[in-house]
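Me: I want to learn how to read strands, helix packing and single residues in a model. Can we work through one together?

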Amino acid sequence: MTNRVSHAAGLRRGLMACCALLVLGAAAPALAQEPAAPPVAFTLPTQPLDLALPAFAKQADVQVLYASNLVKGKRANAVIGTRPPAEALRDLLAGSGLKATATGPRTFLISAQENPVVAELEEVIVTAQKRSARIENVPIAVTVVEGGDAQRRGITNVVDLVDQVAGVSVNYAFGGTNYGLISIRGIGGADDYKPNGNPSVALHIDGVYQTSNAYLGMPLFDLDRIEVLKGPQGTLYGRNTTAGVINAITRGPGQALEGSGRVEYGSYDYTEMEASVGGPVSETLGVRLAVLAQNGGGFMDGAGAGLLAGFRPSVRGVVQTQVPALVDPGRRKGFGDKDLVAGRATFDFKMAPESDLVVKLFGSRDRGDTRQYDRISRAQDATVANAGENNDPYEFYSTGYPTQRIDIYGGSASFSHKVRENLNFTAIGGWQGSKRSVQGNGDGSPYPASYFDANEKLSQSSLELRLADDTGGKLDWIAGAFYVTDDVKFNTNWISYSALTNYDNLHRQERNSFALFGQADYHPLERLQVSAGLRYTRDNAHYVGRNVDHNPWGISTFSTTFATTNPFAWDEKFDDDNVSGRLTVKYDVTPSLNVFVSAGTGYRGGGFDGTSIFTVAETKPFASETVRAYEAGLRWTTPRLRLSLDAFDYRFSELQATTRLANDTNGRANVGKASSKGIEVALSAQLLRTERQSLSFDVNAAWLDTEVLSFSSNRVAEVLQTVGDPLPGAPDVSATASLNHSITLKEGWSLRSRVGVTHHGEESNRLNATPGNTAKAYTLVNARVDLATPSNWTLYAYGRNITDEVYFPELNGAARLVGAPATYGIGARFDF
């Protein structure tokens with residue numbers, strides 16, 4: 001039977017459709033005697049309803065009749081798995097205020113529900129286990145931020161998740177604001193900030209693993225969703241996932257032409273523009289283009305060099321006039337502006353009925369100001385580094401106002417092929433690179449104790465192959481292979497008044513990783529699922545470099561200060577392998593309630609210190625960090641409520657961190673053992689939904705208890721001070737809550753509002769932290785209102801940190817990084 005989908009567009013076609021529906025309605029009793037359509041295997045992701053209905057009709061081989069204005073602006077739930085078309089269509093429409101009436105065995109009429117008092121929560125589909133599944137059926141902790149919601153919350157990069165997802169933090173302690181370390185559940189805050197390090201949180205963009213923390217600044221826009229997987233993910237994702245995984249999935253071409261354009265203006269002359277368009281170009285090709293531009297928004301004020309203007313160092317009381325005097329750049333208002341443009345092109349090739357190839361090309365260019373640290377007041381910090389600071393956290397002193405240069409570019413290809421019924425093949429390949437030039441002092445002072453000018457060049461290539469039977473039978477399985485190689489060159493020039501010289505660190509690291517993995521999900525009983533997975537990984541790295549003291553002023557103390565020779569060079573290699581796995585048991589107590597327990601292992605690859613290396617001890621590789629993970633969870637889902645409760649206990653061995661080495665220099669090493677345990681709860685509730693309005697409530701909270709169990713250092717006092725301390729980047733409590741309301745006004749107008757509160761508990765930014773390295777807890781309040789018009793325009797206004805709380809995401813001794821003050825903005829969006 002030929003597939004047909006009828007659209008009533010315009011009065012004439014609408015009248016024709018009404019006549020057809022009357023005829024079909026009159027014939028319904030007779031048609032009802034015919035046999036119903038057999039079950040069909042559906043693979044429909046969440047998407048706009050006007051795109052989902054044609055896709056449903058095609059997969060089910062049925063007719064769906066509806067008026068286009070009835071479905072415009074609504075979203076469809078995902079439908080995955082084998083079921084009768086009538087049941088699948090009911091699930092697809094759940095929560096939309098629409099209903100489907102069978103007017104024949106293969107024909108359905110879509111109409112509005114009569115006074116729907118309560119509607120179901122929207123179904124959430126994730127690919128956390130590399131196949132589509134309802135979030136409540138996934139036995140790991142997953143937080144999902146839908147793409148439209150991410151845009152409304154102002155999430156445009158990974159760091160923006162910190163105050164939007166409980167249990168997620170960022171640490172800038174050592175490298176400044178361009179070298180953030182993401183932690184989840186207290187794991188990751190002690191990572192190596194340099195670009196050759198191994199992050200504990202694995203970032204994936206459209207299925208492609210990002211090998212370096214340098215990619216955390218990649219802009220996220222035109223998103224379908226962001227998935228945050230919490231806890232070790234050693235089986236399906238492999239190394240460097242001891243804290244978890246962040247998956248960002250961007251939108252692709254739909255089955256009909258659609259797009260949007262948006263412009264926004266906010267506090268501190270902030271502007272943001274975004275546009276996207278996508279749809280079929282032919283029967284075999286779909287294309288989507290998306291762009292983003294951000295400018296302004298700097299809320300810091302530069303006060304120049306202050307008391308340090310014209311300063312030169314002294315040696316034994318003699319001013320060194322051959323050293324250039326510190327310059328005063330003058331005052332500058334509104335420092336910290338963004339200047340970013342990014343674009344993405346997506347091509348979807350329908351190569352055959354059972355084969356699909358999606359190619360994505362992307363690039364971004366960042367020329368914004370480098371965010372600056374402030375310093376505590378001179379009354380509390382009477383050192384040479386203090387240029388006369390007052391108590392204003394939004395004012396800083398500096399000898400310059402640096403602008404960063406960060407370019408990220410690359411492409412990916414995802415090929416999927418249905419080999420046969422219940423057997424699917426997937427291949428995902430990616431290549432990308434980055435060029436970065438960043439400068440800074442890192443201590444909120446014009447005094448160049450260690451002022452850096454870093455230039456970095458990164459490149460990576462990866463390929464993952466998977467074969468899976470994941471159709472929801474008695475036994476589902478997935479098996480695959482993964483390979484990634486990356487090359488990092490990073491050269492840093494230092495002006496050091498500590499060593500009275502100017503010197504270079506020149507580094508290059510080449511790294512390769514290969515893995516084989518598999519997981520099986522077996523249902524010995526209808527309600528019982530047992531899952532087991534293993535992954536074998538082989539890593540190797542080659543690291544070469546040198547330090548060169550230029551001694552431009554003839555007074556260098558480089559060799560004595562760093563206890564080294566000039567030049568100092570190294571050439572080292574690292575090899576390791578690992579087997580990690582996970583065993584999970586899930587039991588469906590009722591159709592709406594399931595519980596699970598799991599035990600597993602994971603690891604973070606070993607490697608090399610990427611900071612300034614001066615001695616042989618610092619060049620030696622450190623071993624891989626391993627974790628034993630125990631988790632238990634509960635998922636309860638009803639039409640109006642979705643509840644997740646998770647408990648976890650992680651034990652880490654060979655913990656990687658910076659410590660005092662045997663020669664009493666600082667370096668990355670395996671410093672001991674640590675634990676992280678806690679409880680997380682997530683609740684979504686549909687409080688009210690009628691034909692005109694809806695009200696929902698969401699809350700996500702995490703309680704953490706982390707501890708350093710043992711610690712190795714060349715200094716006994718440091719050991720005694722560190723054991724028993726919490727891990728860095730591990731707030732004891734973090735939580736987000738929001739109340740969401742929407743109401744349909746007359747003549748096609750509608751109003752949507754959201755009030756959100758986020759709390760971030762006290763946390764330190766390093767091991768052996770002092771009060772000067774421990775940031776206090778803070779609470780932020782955000783609000784947004786959207787007014788949708790009948791002509792597809794949406795006008796919106798927002799406020800962030802509307803209580804204007806002064807808070808510090810990080811304290812670093814006498815330096816402090818202040819969060820944004822109260823900011824407000826307005827914008828307009830057009831959808832077609």
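What follows is a short tutorial on this predicted model.

Me: Let's start with sheets. What is the strand order in the five-strand open sheet?
Reply: The general idea comes first. Strands of a sheet pair through backbone hydrogen bonds, either parallel or antiparallel. Here the order is β11-β16-β17-β14-β15, and the pairing is mixed. The edge strands are β11 (141-146) and β15 (208-210), each pairing on one side only. From one strand to the next, the twist averages 20°.

Me: In which sense do β14 and β17 pair?
Reply: Parallel. Strand β14 (residues 201-205) and strand β17 (residues 244-250) share five bridges. To find the register, look at Val201: its bridge partner in β17 is Gly244.

Me: Which strands make up the three-strand open sheet?
Reply: The order is β27-β48-β47, with antiparallel pairing. Its edge strands are β27 (374-375) and β47 (810-812). Three bridges join β47 to β48 (residues 815-817). Leu811 has Arg816 of β48 as its bridge partner.

Me: How many bridges join β38 to β39?
Reply: There are 18, and these two strands run antiparallel. β39 covers residues 666-689, while β38 covers residues 641-660. For the register, Ala647 stands opposite Ile679 in β39. The two strands form a hairpin with five residues between them. In that turn, Asp664 has a positive phi of about 70°.

Me: What does β39 do with β40?
Reply: β39 also runs antiparallel to β40 (residues 693-711), joined by 17 bridges. Lys677 has Asp705 in β40 as its bridge partner. This pair forms a hairpin too, with three residues between the strands.

Me: Now a single residue on β38. Is Glu654 buried or exposed?
Reply: Neither. Glu654 is partly exposed, because its relative accessible area is 40%, in between the two cut-offs of 20% and 50%. Leaving out residues up to four places away in sequence, Glu654 touches Ser624, Glu625, Asn670 and Gly672.

Me: How far apart in space are Glu654 and Gln686?
Reply: They are 45 Å apart, C-alpha to C-alpha. In sequence they are 32 residues apart.

Me: On to helices. At what angle do the axes of α2 and α4 cross?
Reply: Again, the general idea first. Two packed helices are described by the angle between their axes and the distance between the axes. Helix α2 (residues 49-60) and helix α4 (residues 85-93) cross at roughly 170°, and their axes come within 11 Å. An angle over 145 degrees counts as roughly antiparallel, so α2 and α4 are roughly antiparallel to each other.

Me: Which residues make the contact?
Reply: From α2, they are Leu49, Ala52, Leu53, Phe56 and Ala60. From α4, they are Pro85, Ala88, Leu89, Leu92 and Leu93. By class, the contact has ten nonpolar, no polar and no charged residues.

Me: One last residue. Is Ser734 buried or exposed?
Reply: Buried. The relative accessible area of Ser734 is 3%, and the cut-off for buried is under 20%. Ser734 is placed in strand β41 (residues 733-744).

Me: What does Ser734 touch, not counting residues up to four places away in sequence?
Reply: Ser734 touches Ala166, Gly167, Asn700, Ala701, Ala702 and His759. Look at Gly167 in particular. Its backbone nitrogen lies 2.7 Å from a polar atom of the Ser734 side chain.

Methods. Residues are numbered from 1 along each chain as its sequence is written. This is a predicted model: local features need pLDDT of at least 70, side-chain atom pairs count only at pLDDT 80 or more; totals for chains, interfaces and linings use all residues. Side-chain values use heavy atoms; hydrogens and water are left out. Two strands pair if DSSP finds at least two bridges between them. Helices (H or I, at least four residues) and strands (E, at least two) are DSSP runs, numbered from the N terminus. Axes are lines fitted to C-alpha atoms, for helices over the stretch in contact, and angles run from 0 to 180 degrees between N-to-C directions. Angles under 35 degrees count as roughly parallel, over 145 as roughly antiparallel, 65 to 115 as roughly perpendicular and the rest as oblique. Contact means heavy atoms within 4.5 Å. Ala, Val, Leu, Ile, Met, Phe, Trp, Tyr, Cys and Pro count as nonpolar, Asp, Glu, Lys and Arg as charged, and the others, Gly among them, as polar. Buried means under 20% relative accessible area, exposed over 50%, partly exposed in between (1.4 Å probe, protein chains only). A polar contact is a pair of N or O atoms within 3.5 Å; within protein, one must be able to donate a hydrogen and the other to accept it, and residues adjacent in sequence count only if both atoms are side-chain atoms.
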